[in-house]
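Let's go through this one by asking what stands behind each label. Take a look at the chain before we start.

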Amino acid sequence: MQDPNADTEWNDILRKKGILPPKEDPDKEIEALEEEIIQNQQSVVKRYEDMTLDELEENEDEFAEEDERAIEMYRQQRLAEWKAKQMKKVFGEVLEISGPEYVQEVTKAGEGLWVILHLYKQGIPICALINRHLSELAKKFPETKFIKAISTTCIPNYPDRNLPTVFIYRDGDIKVQYVGPLVFGGMNLTKDELEWKLSRSGAIKTELEENPRQQIEDRMMSSIRTNAPTTNSDSEED
């Protein structure tokens, strides 16, 4: 029997008459197969992109072998996103600690984590002011760990003249320290000014573009110059 796929004049005539089906095209078959594979892969991607981490684990056996690498990459991506999200949820308030908790909460707080520690004492007005500002900043920057502690519970005999003191840590090491009321500008310290100061270390990511205190000083100087009395430089002739 003659091969219907053979490239002969007789078969061409039969194809034109509709007696034989069109000749198979290997290139088109390959294109169709590739398209089918792409569609199957897209279907798999769509399925596992909609799944949670737990669902990925439960349905792992259902995925084709060639998709395992892509699924694992996606799982790691989702896991990293989940960890980052959980990290941001951990904080959001100022934690009060005492001396025995210092190592665990500060020096062992976690890799890559910024920790802001305020040493204070009751009855010192500027310490109370900074604690109020830190409470608001902790909510604004929940990815940073804010801590406060009565000074002598962490450092025995720590002098009151050094209060308030703010230590900024990363990976358990002190990166910046602010000691004494003068470095904070006294009781005129605003929340934005404290935010700007803390942001200089990298502990928080502020959207402030310049030091708010400098703006206040500039306005004060401008007001002084405007209201200053003018003198006549021309001498009177006798």
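**What the labels rest on**

Of the chain's 238 residues, 29% count as buried, where buried means under 20% relative accessible area, exposed over 50%, and partly exposed in between (1.4 Å probe, protein chains only). The model is predicted, so to speak of local features takes pLDDT of at least 70 and side-chain atom pairs count only at pLDDT 80 or more, while totals for chains, interfaces and linings use all residues. Residues are numbered from 1 along each chain as its sequence is written, and side-chain values use heavy atoms, with hydrogens and water left out.

Q: What makes up the secondary structure of the chain, and in what order do the elements run?
A: There are nine helices and five strands. Starting at the N terminus, the order is α-α-α-α-β-α-β-α-β-α-β-β-α-α. Helices (H or I, at least four residues) and strands (E, at least two) are DSSP runs, numbered from the N terminus.

Q: Why is Glu-195 called buried?
A: Its relative accessibility is 1%, and the cut-off for buried is under 20%, so Glu-195 counts as buried. You'll find Glu-195 in helix α8.

Q: What makes the pair Glu-195 and Thr-206 a polar contact?
A: Their side chains meet at 2.6 Å. A polar contact is a pair of N or O atoms within 3.5 Å; within protein, one must be able to donate a hydrogen and the other to accept it, and residues adjacent in sequence count only if both atoms are side-chain atoms. Contact in general means heavy atoms within 4.5 Å. Neighbours within four places in sequence aside, Glu-195 is in contact with Leu-137, Lys-140, Phe-141, Ile-204, Thr-206, Glu-207 and Leu-208.

Q: What goes into the largest nonpolar core, and which members touch the most others?
A: A nonpolar core is a set of buried Ala, Val, Leu, Ile, Met, Phe, Trp, Tyr and Cys residues joined through side-chain atoms within 4.5 Å. The largest one here has 36 residues, and Ile-116, Leu-134, Phe-146, Ile-168, Phe-184, Leu-194 and Leu-198 touch the most other members. Two or more residues each come from β2 (114–120), α6 (125–140), β3 (145–150), β4 (165–170) and α8 (191–199). The largest share, seven residues, is from α6.

Q: Which residues does Phe-184 touch, not counting those up to four places away in sequence?
A: Phe-184 touches Ile-126, Ile-130, Pro-164, Val-166, Tyr-178, Leu-189, Leu-194, Lys-197 and Arg-213. One of these, Pro-164, lies in the loop between α7 (151–154) and β4. A cis peptide bond joins Leu-163 and Pro-164, with omega about -5°.

Q: Why is Asn-157 called exposed?
A: The relative accessible area of Asn-157 is 73%, and exposed means over 50%, so the label fits Asn-157. This residue also sits in the loop between α7 and β4. Its phi is near 65°, a positive value in a residue other than glycine.

Q: Why does Asp-171 count as partly exposed?
A: At 41% relative accessibility, Asp-171 falls in between the two cut-offs, so partly exposed is the word. Asp-171 is in the loop between β4 and β5 (173–179). Though not a glycine, Asp-171 has a positive phi of about 55°.

Q: What makes Gly-185 partly exposed?
A: Its relative accessible area is 32%, which again is in between, so Gly-185 gets that label. Gly-185 lies in the loop between β5 and α8.
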